[in-house]
Amino acid sequence: MPTASPEGPAAPDPALGEPSLDEQIAAYQREYGDLDPQVEKVVSALGRLNRRMNVAYGRQVATLGISNAEWEVLKSLVLAGAPYRMGPGELAKRLGLTPAAMTHRIDRMASEGLVTRDRDENNRVRVIVELTDEGRTKWLEAMRMATDFEEDLLQDLSAEDRGMLGELLIRVLRRVEHAQPDAGGRLTDLD
């Protein structure tokens, strides 16, 4: 993991062969003179942070015997609210997956006891995916681990800094969502 301090950017990570942000921006400016270094610093830092956080979350859920892909399904079912049920098509749309990829994921999760898949009692054609007690337990444990990680991640920021950062990131997110309203899913299936 790269070293960082509140005073400066992350140092390069020799294991990744990745330059520091300052080195990256200097190279970009050398090759593309119209680059705004402030914009590039924000965007590059967000990209690196996202990638490293995804790796960290993946390692955490792996200790629970689930994958990031399975975590996403558990999360979607919890967000649907009790009784934690959704159709596979709804799940696929929410996760930006093809129906085939969603079916594969649900098959795997059902065999692991994380979800059940049954016919809707009111419409026998419709299938319902429901979170099991085991799936909810895994979700809760993953949330506990993530909460500890996130608190540690933001420990150097005051409550005011956290609030300001959150608001600024939401403003950027709204801009992206407005400009790219269909970009919530994935370009390709990951499993």
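## Exercises on helix 5 and the nonpolar core

In this predicted model, the buried residues of helix 5 are Ala101, Met102, Arg105, Ile106 and Met109.

**Exercise 1.** Determine on which side or sides of helix 5 these buried residues lie.

Solution. Start with the directions from the helix axis: the buried residues cover an arc of only 130 degrees. They therefore sit on the same side of helix 5. Next, look at the other side of the helix, where Pro99, Ala100 and Ser111 are exposed. Finally, identify the cover over the buried residues: it includes helix 3 (68–80), helix 4 (88–95), strand 2 (115–119) and strand 3 (127–131).

**Exercise 2.** Check the end-to-end span of helix 5 (residues 99–111) against the expected value.

Solution. Helix 5 has 13 residues, and at 1.5 Å a residue it should span 18 Å. The expected span uses one less than the number of residues. The C-alpha atoms at the ends are 18 Å apart, so the two values agree. After the helix comes Gly113, with a positive phi near 80 degrees.

**Exercise 3.** Find which element gives the largest share of the largest nonpolar core.

Solution. The core has 24 residues, and those touching the most other members are Ile66, Val73, Leu74, Leu77, Leu91 and Met102. Two or more residues come from each of helix 3, helix 4, helix 5, strand 3 and helix 6 (133–153). Helix 3 gives the largest share, five residues.

**Exercise 4.** List the contacts of Leu74, leaving aside neighbours within four places in sequence.

Solution. With heavy atoms within 4.5 Å as the cut-off, Leu74 is in contact with Ile66, Met109, Leu114, Leu131, Gly135, Lys138 and Trp139. Of these partners, Met109 is one of the buried residues of helix 5.

How values were computed: Residues are numbered from 1 along each chain as its sequence is written. This is a predicted model: local features need pLDDT of at least 70, side-chain atom pairs count only at pLDDT 80 or more; totals for chains, interfaces and linings use all residues. Side-chain values use heavy atoms; hydrogens and water are left out. Helices (H or I, at least four residues) and strands (E, at least two) are DSSP runs, numbered from the N terminus. Buried means under 20% relative accessible area, exposed over 50%, partly exposed in between (1.4 Å probe, protein chains only). The arc is that of the directions from the helix axis to the C-beta atoms. A nonpolar core is a set of buried Ala, Val, Leu, Ile, Met, Phe, Trp, Tyr and Cys residues joined through side-chain atoms within 4.5 Å.
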